[in-house]
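The following exercises concern the packing of helices, the pairing of strands and the setting of single residues. Each task is followed by a worked solution.

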Amino acid sequence: VRNFNKPDWQFCSKERILIREIPDKNGLVCCISDTSHISHKAVIIVLGKKISNRALLGILNSRLMGFYVFNSTEKGKQRLFPRVSLTTIKNLPIKNNLNNKLLSEIEKEVKSIIAFQIELRDEKLPNKIEQIKQRIEHSEEKINQLVYDLYDLNDKERKIIEQKNED
């Protein structure tokens with residue numbers, strides 16, 4: 001019988017962000033969960049402290065954070081199997097003095113995406129499915145622009161991230 005460390009229950013029962021250890025080609029893969037369960041060991045669990053989980057989810061899933069992970073961490077630079085570690089997540093540049101208006105807008109868009117995902121799950125009509133997917137893409141793009149604003153990125157910096165994302 002193997003002896004595993006018992007996780008703190010707040011990481012298994014409270015609303016939290018789950019981050020997949022293996023990112024996709026665009027960056028981190030994160031979702032929000034409020035169900036009581038013990039996550040797989042390849043999932044990093046994050047609880048928002050200074051900002052809401054939904055606003056943090058928007059920031060973590062943004063192109064900016066994907067760019068940061070792929071360009072500033074050793075495991076993120078691996079071509080075949082890039083990985084995200086707990087240390088990487090702890091060292092993400094999440095600012096302390098964030099603009100509350102922008103955070104509220106990010107949170108609103110994340111809530112919209114969650115609602116669209118639920119709608120998409122239940123929809124059967126192909127043209128309606130396409131409309132919902134377009135709304136999701138629009139909200140994701142809006143979040144990316146809001147995160148750029150949050151971090152005061154200029155047009156040149158935004159262009160670098162956008163071009164890197166297209167590669």
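**Exercise 1.** Determine how helix 6 and helix 7 pack in this predicted model, and classify their relative orientation.

*Solution.*
Step 1. Two packed helices are described by the angle between their axes and the distance between the axes.
Step 2. For helix 6 (residues 126–150) and helix 7 (residues 155–166), the angle is about 140 degrees and the axes lie 11 Å apart.
Step 3. Angles over 145 degrees count as roughly antiparallel and those from 65 to 115 as roughly perpendicular; helix 6 and helix 7 are therefore oblique to each other.
Step 4. The crossing of helix 6 with helix 7 is right-handed.
Step 5. Helix 6 contributes Gln145, Tyr148 and Asp149 to the contact, and helix 7 contributes Arg158, Ile161 and Glu162.
Step 6. By class, the residues of this contact comprise 3 charged, 2 nonpolar and 1 polar.

**Exercise 2.** Characterise Asp152 by its location, backbone conformation and accessibility.

*Solution.*
Step 1. Asp152 is placed in the loop that lies between helix 6 and helix 7.
Step 2. Most residues other than glycine have a negative phi.
Step 3. The phi of Asp152, by contrast, is positive, near 55 degrees.
Step 4. The relative accessibility of Asp152 is 63%. Exposed means over 50%, so Asp152 counts as exposed.

**Exercise 3.** Establish the strand order of the open sheet and identify its edge strands.

*Solution.*
Step 1. The sheet has 3 strands in the order 2-1-3, and the pairing is antiparallel.
Step 2. Strand 2 (30–33) and strand 3 (43–46) each have a single partner strand and stand at the edges, so one side of each lacks a neighbour in the sheet.
Step 3. From one strand to the next, the twist averages 30 degrees.
Step 4. Strand 1 (residues 16–20) pairs with strand 2 over 4 bridges in the antiparallel sense.
Step 5. Across this pair, Ile17 stands opposite Ile32 of strand 2.

**Exercise 4.** Is Ile22 buried, partly exposed or exposed, and which residues does Ile22 touch beyond four places away in sequence?

*Solution.*
Step 1. Ile22 belongs to the loop between strand 1 and strand 2.
Step 2. Its relative accessible area is 32%. This value falls between the cut-offs of 20% and 50%, so Ile22 is partly exposed.
Step 3. With residues up to four places away in sequence left out, Ile22 touches Val29, Pro82 and Arg83.
Step 4. Ile22 and Arg83 are separated by 61 residues in sequence, yet their C-alpha atoms are 4.8 Å apart in space.

Note on methods: Residues are numbered from 1 along each chain as its sequence is written. This is a predicted model: local features need pLDDT of at least 70, side-chain atom pairs count only at pLDDT 80 or more; totals for chains, interfaces and linings use all residues. Side-chain values use heavy atoms; hydrogens and water are left out. Axes are lines fitted to C-alpha atoms, for helices over the stretch in contact, and angles run from 0 to 180 degrees between N-to-C directions. Helices (H or I, at least four residues) and strands (E, at least two) are DSSP runs, numbered from the N terminus. Angles under 35 degrees count as roughly parallel, over 145 as roughly antiparallel, 65 to 115 as roughly perpendicular and the rest as oblique. A crossing is left-handed if the near helix is turned anticlockwise from the far one by less than a right angle, and right-handed if clockwise. Contact means heavy atoms within 4.5 Å. Ala, Val, Leu, Ile, Met, Phe, Trp, Tyr, Cys and Pro count as nonpolar, Asp, Glu, Lys and Arg as charged, and the others, Gly among them, as polar. Two strands pair if DSSP finds at least two bridges between them. Buried means under 20% relative accessible area, exposed over 50%, partly exposed in between (1.4 Å probe, protein chains only).
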